[in-house]
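Student: I've got a structure to go through. Can we walk it piece by piece?
Tutor: Sure, pull it up.

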Amino acid sequence: MELLSFFYPCPFLYFLFTIWKHFHEKRHQECYIVSYQCYKPTDDRKLNTEFSGDVIKRTKNLGLNEYKFLLKAVVSSGIGEQTYGPRIMFAAREDSPTLHDGISEMDEFFHDTIQKLFDKSGFSPSDIDVLVVNVSMLSSIPSLSARIINHYKLRHDVKVFNLTGMGCSASLISVDIVSRVFKSHKNINALVVTSESLSPNWYSGNDKSMILSNCLFRSGGCAILLTNKTALKNRAMFKLKCLIRTHHGARDESYGCCIQTEDDKGNTGFHLGKNLPKAATRAFVDNLREIAPKILPIRELLQFLVMSFMKKLKGNRKQSGGGKTSAVDFKTGVDHFCIHTGGKAVIDGIGVSLGLEKYDLEPARMTLHRFGNTSASSLWYVLAYMEAKKRLKKGERVLMISFGAGFKCNSCLWEVARDLNGGNVWDDCIDEYPPESLANPFLEKYGWIQHEDIATFKLPE
């Protein structure tokens, strides 16, 4: 009997051990951002109105109709005069790039920003266990990730992921890869490097659906240091709560709306189709449908279910036009909205869909104005704006939303781990934002083109 009484507590003890093991393992599966560093190119790479006009004028295949189209696009783009371009443009060789142009553009970013991240965080290259690099439109051999390993002399056992073709949503894909690695490996650090190479991707033709990318994309990048080490928890800036990826590549319409291709004259460029807004909306709605239950309070979800049920009873299934299209209030579960700077229309469209106010959209709009659309890295400039404005307080939640070719919509929710007010890429200009007006000088300088006649038009020297 005494022996049996000894075994009686065993099931209960095993149950307690199982619970302890679950929570102990989960502690080591968390994904924290320790630090991040956005790239600021040198001032000699700034694209002001006059220089941008010179670039357009020397593009030989353009005519009056294309000039009018570009003027309208640039004026309504929301992009200012402080954005940056690749050096190949300042050498007037954008229509004849070499492989070296693309690689040197990336090297300049790697050598500057990753080193600044190491210096700021106190980490060394030997501390990196996982490296994820995403640059969509440049693939070299050895890979760009290998160039980073060679330059910084990373360890021989570093786990490497080199992503191409993922588009503007690639940085959240990189974060997702890291978070999945963290679930199976304890006490490791990861470096995510996100950028885009513009040098080899200038479009020299006159197809309007492909000219647009020349106006929107700018040079930029970001390096992010992540960890799952519990010992670094108190140093962390953000903690990942959830991440959702939506891919509509199986739909032909979505797949072809945003694609690298050649025009009828053989000029390579990036086609942005007229059905892009429709494809983006469809992906956005599906993504929100999946992430909403993970980030919204129960009361908001219950209210949504009751309202949906009442609408079905009344047979009112049509939404009123021009207003908020989301049936739930995302601001009940989100404090800050970090939106991809794909363009003014993208930002405004998300604002209308989620019922956001001017304050909520300010970080994305100011980032678009100051840095332009820097592809996958744009989210981190938006986040840096919030930090520079001292908006981010411990416990608050930040929703990141990005779109990319494929067609993809990716989103994630971060929890602010401590009050943030550190210096970043916005330091030298944050007091100037938001400005009184976001209007750029293109209309004032080139507005006369709107009144020209194609039969008599001659571009001035």
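Tutor: Keep in mind that this is a predicted model. Let's start with N189. Leaving out residues up to four places away in sequence, N189 touches F123, D127, I128, D129, V130, L226, T227, K229 and L232.

Student: Which strand is N189 in?
Tutor: Strand 4, which covers residues 189-195.

Student: Is N189 buried or exposed?
Tutor: Buried. Its relative accessible area is 1%, and the cut-off for buried is under 20%.

Student: What lies 3.0 Å from a polar atom of the N189 side chain?
Tutor: The backbone oxygen of D127. D127 is also one of the residues that N189 touches.

Student: Switching topic. How many disulfides does a search of the whole structure find?
Tutor: Zero.

Student: Why no bond for C338?
Tutor: Because the closest cysteine sulfur, in C412, is 8.3 Å from the sulfur of C338, too far for a bond. The cut-off is 2.5 Å.

Student: And which cysteine sulfur is closest to that of C412?
Tutor: The one in C242. The separation is 7.7 Å, so that is too far for a bond as well.

Student: Are those two cysteines, C338 and C412, buried or exposed?
Tutor: C338 is buried, at 0% relative accessibility. C412 is buried too, with a relative accessible area of 0%.

Student: On to the packing. Which residues touch the most other members of the largest nonpolar core?
Tutor: F238, W380, L383, W414 and W426. That core has 73 residues.

Student: Which helix gives the largest share of this core?
Tutor: Helix 15, residues 378-388, with nine residues.

Student: What does F238 touch?
Tutor: Setting aside residues up to four places away in sequence, the list is C31, Y32, I33, Y36, L383, L392, W414, E415, V416, A417 and L420. L383 and W414 are also among the residues that touch the most other core members.

Student: What's in the second core?
Tutor: It is separate and has 37 residues, including A292, I350, L399 and I401. As background, nonpolar side chains tend to be buried together in soluble globular proteins.

Student: Last topic, cavities. How many are there of 30 Å³ or more?
Tutor: Three.

Student: How much space lies in the largest cavity?
Tutor: About 40 Å³.

Student: Which residues line the largest cavity?
Tutor: The lining is L47, S52, V74, S77, I79, G80, C215, R218 and F442.

Note on methods:
Residues are numbered from 1 along each chain as its sequence is written. This is a predicted model: local features need pLDDT of at least 70, side-chain atom pairs count only at pLDDT 80 or more; totals for chains, interfaces and linings use all residues. Side-chain values use heavy atoms; hydrogens and water are left out. Buried means under 20% relative accessible area, exposed over 50%, partly exposed in between (1.4 Å probe, protein chains only). A nonpolar core is a set of buried Ala, Val, Leu, Ile, Met, Phe, Trp, Tyr and Cys residues joined through side-chain atoms within 4.5 Å. Helices (H or I, at least four residues) and strands (E, at least two) are DSSP runs, numbered from the N terminus. Contact means heavy atoms within 4.5 Å. A polar contact is a pair of N or O atoms within 3.5 Å; within protein, one must be able to donate a hydrogen and the other to accept it, and residues adjacent in sequence count only if both atoms are side-chain atoms. On a 1 Å grid over the protein atoms alone, a cavity is a set of points where a 1.4 Å probe fits but cannot get out, and a pocket is an open set with protein on both sides within 12 Å along at least five of seven lines; lining residues have an atom within 4 Å of a point. Grid points are joined across faces, edges and corners, and a volume is the space filled by probe spheres set on the points.
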